[in-house]
Amino acid sequence: MSDLSRRKLIATGLGITAGATGLAVAAKIGQRAGLIPPDCGGVYGLGETLTYGAQRLLTSHSMAREFRRDQMSKVPFANGEPAKEIKALPAAVLADWKLAIDGMVAHPGSFSMADLKSYPQRSHITHLACEEGWSYIAEWIGVPLSHVLRVAGILPQAKFVVYYSLEKGWWDSLDMADALHPQTFLAYGINGGDLPLNLGGPLRMRVPRQLGYKNVKYITRLVVTDDIKKFGKGLGSASPEGGYAWYAGI
Ligand SMILES: Nc1nc2c(c(=O)[nH]1)N[C@H]1C(S)=C(S)[C@@H](COP(=O)(O)O)O[C@H]1N2
Ligand SMILES: [Mo]
């Protein structure tokens, strides 16, 4: 979208002040411009749409704040113990971790941890904040999700990347602005070492521009899609089913 049409859209305020017809028109424009989140329906739908639309217009390319080494937390705060099913995993499963990828990619298949570690390694010192109030600053190490998507040959029609944990019930998705964002990592390391199980190792999604719960642990599968409605209840992730927003930008 050109700057001019962006400004126009801001000027019309996404139809906030318009009546029902104006809103329907704004919704159509918004959908086309990628400004409508998957959980746009229901009681909180309008609020979610305004938050997401405004963020995408104003900040879609902005970077999460990075910190200095001396600002890092002494201990990364693991938000609870891994689920029983994760603790019970045979060592062989952890040692032979695989990341599958399918959907709108030219080369569906799977990556080993060795594959992922052979790609350019990046790190950032960022803040992970849980919506319940606690947070920590740590150095995250991994491969940018964008690199893995490119290796898999992501198709131009792609609109979302859905990601699944080995832990039952945990799945989520990102739009392309966040999936291709340079700070979005498939993380396998923290503070100079391997990522431990309680922090989501061997492989975790690390999205510093969104709240803790989007940073799903134990990632085993990616699906690239242009139709997010086909997944789960069609709300973009498991979170909106439990009352949390799909888009958790900070
Ligand atoms: N698989 C899985 N991923 C998860 C969770 C979980 O319980 N299981 N908790 C989420 C929530 S609510 C938060 S705030 C962060 C916590 O990350 P931490 O343990 O590194 O503090 O992980 C997220 N990813
Ligand atoms: Mo959380």
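This passage walks through a predicted model, beginning with its ligand and moving on to several features of the chain.

A good place to start is the surroundings of ligand 1. The ligand is surrounded by 18 residues, and the closest of these are Phe77, Asn79, Tyr136, Arg204 and Lys217. Sorted by class, this shell consists of 10 nonpolar, 5 polar and 3 charged residues. Backbone atoms of the protein come within reach of the ligand at several points. A polar backbone atom of Phe77 is 2.6 Å from an oxygen atom of ligand 1, and a backbone N or O atom of Asn79 lies 2.7 Å from an oxygen atom of the ligand. On the nitrogen side, a polar backbone atom of Asn215 is 3.0 Å from a nitrogen atom of ligand 1. Taken alone, the ligand exposes 530 Å², of which the protein buries 91%.

Arg204, one of the closest residues to ligand 1, also leads to the next stop, since Leu195 touches it. Leu195 sits in the loop between strand S8 (193–194) and strand S9 (204–206). With a relative accessibility of 7%, below the 20% limit, Leu195 counts as buried. Leaving aside residues up to four places away in sequence, its contacts are Trp140, Ala187, Tyr188, Gly189, Ile190, Gly200, Gly201 and Arg204. The C-alpha atom of Leu195 is also 8.6 Å from that of Ile141, although 54 residues separate the two along the chain.

The loop between S8 and S9 also holds Pro202. The peptide bond that joins Gly201 to Pro202 is cis, its omega being near 5 degrees.

Two residues other than glycine deserve a look for their positive phi values. In Asn191, phi is near 45 degrees; this residue is placed in the loop between strand S7 (185–190) and S8. In Tyr218, phi is near 60 degrees, and Tyr218 belongs to the loop between S9 and strand S10 (219–225). How buried or exposed are they? Asn191, at 32% relative accessibility, counts as partly exposed, whereas Tyr218, at 1%, counts as buried.

The last stop is helix H7, which spans residues 145–152 and has Leu145, Ser146, Val148, Leu149 and Ala152 as its buried residues. Viewed down the axis of H7, these buried residues fall within an arc of 160 degrees, so they line one face of the helix. After H7 comes Gly153, with a positive phi near 75 degrees.

Note on methods
Residues are numbered from 1 along each chain as its sequence is written. Chains are lettered from A and ligands numbered from 1 in the order in which they are written. This is a predicted model: local features need pLDDT of at least 70, side-chain atom pairs count only at pLDDT 80 or more; totals for chains, interfaces and linings use all residues. Side-chain values use heavy atoms; hydrogens and water are left out. A residue is near a molecule or strand if one of its heavy atoms lies within 4 Å of it. A polar contact is a pair of N or O atoms within 3.5 Å; within protein, one must be able to donate a hydrogen and the other to accept it, and residues adjacent in sequence count only if both atoms are side-chain atoms. Accessible areas come from the Shrake-Rupley method with a 1.4 Å probe; for residues, only the protein chains shown count as cover. Ala, Val, Leu, Ile, Met, Phe, Trp, Tyr, Cys and Pro count as nonpolar, Asp, Glu, Lys and Arg as charged, and the others, Gly among them, as polar. Helices (H or I, at least four residues) and strands (E, at least two) are DSSP runs, numbered from the N terminus. Buried means under 20% relative accessible area, exposed over 50%, partly exposed in between (1.4 Å probe, protein chains only). Contact means heavy atoms within 4.5 Å. The arc is that of the directions from the helix axis to the C-beta atoms.
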